Amino acid sequence: MGKFAKWIAGGLGWAFLGPLGGIVGFVVGSMMDTNNGQTGPAGSTTTRQPHTTTTGGYVMSLLVLVAAVMKADGKVLRSELEYVKQFFVRSFGSSSAQEAIKMLRDLLKQNIPVADVCYQIQKNMDYSSRLQLLHFLFGIAQADGQVAPSELKMIEHMAQNMGISSKDFESIKAMFIANTDAAYKILEVDANATDEEIKKAYRKMAMKYHPDKVSYLGEDFQNAAKEKFQKVNEAYESIKKERKFA
């Protein structure tokens with residue numbers, strides 16, 4: 001059993017309930033049937049606290065949202081699947097990427113009630129983890145070098161239904177879609193903010209996006225979260241250089 005399968009076998013928690021449960025049920029069952037006779041997670045997850053996000057629940061939430069983003073323009077290209085695969089390879093390793101793509105192919109065949117799924121995520125997943133989901137979605141959407149308008153519209157729709165603030169959405173968006181004020185948007189301040197306001201904003205964002213916020217999901221996800229944290233540092237250094245303050 002590979003890493004992704006182990007994450008799922010470890011329990012889906014609240015993700016096995018509600019609209020997410022309806023979507024992932026047959027995918028998980030099929031996966032478990034092919035993994036050395038392992039039993040599916042349904043029996044074990046019913047004993048878990050419903051509002052505790054497990055790694056398995058997080059993985060399936062991510063894959064369901066990725067599938068919805070990929071279907072946003074009405075078609076799924078082989079090249080898109082390859083881009084997603086390479087994203088997962090970079091983030092979690094080749095064996096996990098293979099398992100993720102297998103699950104994703106099954107999810108792409110399903111009708112995904114995006115608003116309902118995102119609302120379930122909002123109610124059950126902590127805010128820092130939802131921010132990391134958003135960062136993953138932008139990263140995958142940009143895997144082909146640009147975020148298509150249909151993908152951006154879908155991700156914004158997801159962010160709203162996951163309860164992510166407009167400032168946080170614009171902050172993460174600016175990490176992937178460059179503009180003249182990108183560094184300021186990442187720090188969630190105006191370009192006319194004072195140096196002290198910039199420093200205060202940096203400390204706030206560094207705390208909000210620190211990888212330790214998702215440490216409970218395991219080392220792989222914590223390492224992936226470092227990219228977002230690094231973007232905050234780069235934005236701050238860029239502004240410091242521009243304004244010439246220490």
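# A tour of pockets, cavities and buried residues

The largest pocket of this predicted model has a volume of about 230 Å³. To bring the pocket into view, select Phe87, Arg90, Ser91, Gly139 and Glu227, which lie nearest its centre among the 13 residues that line it. Next, colour H5, H8 and H13, the elements that give two or more residues each to this lining. H8 provides the largest share, with four residues. Divided by class, the lining holds five nonpolar, six polar and two charged residues.

Where does the largest pocket lie relative to domain 1 and domain 2? Colour domain 1 (1–31 + 54–176) and domain 2 (178–245) separately; both give residues to the lining, so the pocket lies between them.

**The largest cavity**

Proceed from the open pocket to the enclosed spaces. A search of the whole structure finds two cavities of 30 Å³ or more. The general principle is that rolling a probe the size of a water molecule over the atoms shows where empty space is left.

The largest cavity has a volume of about 100 Å³. Select Val69, Met70, Glu80, Tyr83, Val84, Ile140, Ala141, Ala143, Asp144 and Glu151 to display its lining. Helix H4 (55–70), helix H5 (78–92) and helix H8 (127–141) are the elements to show alongside, as each supplies at least two lining residues. Here the largest share, three residues, comes from H5. The lining of this cavity comprises seven nonpolar, no polar and three charged residues.

**Val66, in helix H4**

Stay with helix H4 and select Val66, which lies in it. Is Val66 buried or exposed? With a relative accessible area of 2%, Val66 is buried, because the cut-off for that class is under 20%. Apart from residues up to four places away in sequence, Val66 touches Val84, Leu104, Leu137 and Ile140. Two of these contacts, Val84 and Ile140, also belong to the lining of the largest cavity. Then add Leu107 to the selection: Val66 and Leu107 are 41 residues apart in sequence, and their C-alpha atoms are 9.3 Å apart in space.

**The second largest cavity**

Move now to the second largest cavity, which contains about 30 Å³ of space. Its lining is displayed by selecting Ser128, Gln132, Lys208, Tyr209, His210, Lys213, Val214, Ala225 and Lys228. H8 and helix H13 (219–243) are the elements that give two or more residues to this lining. By class, the residues divide into three nonpolar, three polar and three charged.

**Tyr209, in the loop between H12 and H13**

From that lining, centre the view on Tyr209, located in the loop between helix H12 (195–208) and H13. Tyr209 is buried, with a relative accessible area of 0%. Which residues surround Tyr209 once its neighbours within four places in sequence are left aside? The contacts are Leu131, Asp168, Ser171, Ile172, Met175, Glu188, Ala225, Lys228, Phe229 and Val232. Among them, Ser171 is joined to Tyr209 by a polar contact of 3.3 Å between the two side chains. For a distance in the backbone, choose the C-alpha atoms of Tyr209 and Ser129: they are separated by 9.7 Å, although the two residues are 80 residues apart along the chain.

**Helix H10**

Three of the contacts of Tyr209, namely Asp168, Ser171 and Ile172, lead into helix H10 (residues 166–174). Within this helix, select the buried residues Asp168, Phe169, Ser171, Ile172 and Ala174. In general, an α-helix has 3.6 residues a turn, so residues three or four places apart point the same way. Show H8, helix H9 (149–161), helix H11 (182–186), H12 and H13 to see what the buried residues of H10 pack against.

**Thr53, in the loop between H3 and H4**

The last stop is Thr53, in the loop between helix H3 (42–45) and H4. Thr53 is buried, at a relative accessible area of 9%. Which side chain forms a polar contact of 2.9 Å with the side chain of Thr53? That partner is Trp14. The side chain of Thr53 also reaches the backbone oxygen of Asn124, at 3.3 Å. To complete the surroundings, select Trp14, Tyr58, Asn124, Met125 and Tyr216, which are in contact with Thr53 when its neighbours within four places in sequence are left aside.

Methods
Residues are numbered from 1 along each chain as its sequence is written. This is a predicted model: local features need pLDDT of at least 70, side-chain atom pairs count only at pLDDT 80 or more; totals for chains, interfaces and linings use all residues. Side-chain values use heavy atoms; hydrogens and water are left out. On a 1 Å grid over the protein atoms alone, a cavity is a set of points where a 1.4 Å probe fits but cannot get out, and a pocket is an open set with protein on both sides within 12 Å along at least five of seven lines; lining residues have an atom within 4 Å of a point. Grid points are joined across faces, edges and corners, and a volume is the space filled by probe spheres set on the points. Ala, Val, Leu, Ile, Met, Phe, Trp, Tyr, Cys and Pro count as nonpolar, Asp, Glu, Lys and Arg as charged, and the others, Gly among them, as polar. Domain bounds come from an automatic or database domain assignment. Buried means under 20% relative accessible area, exposed over 50%, partly exposed in between (1.4 Å probe, protein chains only). Contact means heavy atoms within 4.5 Å. A polar contact is a pair of N or O atoms within 3.5 Å; within protein, one must be able to donate a hydrogen and the other to accept it, and residues adjacent in sequence count only if both atoms are side-chain atoms.
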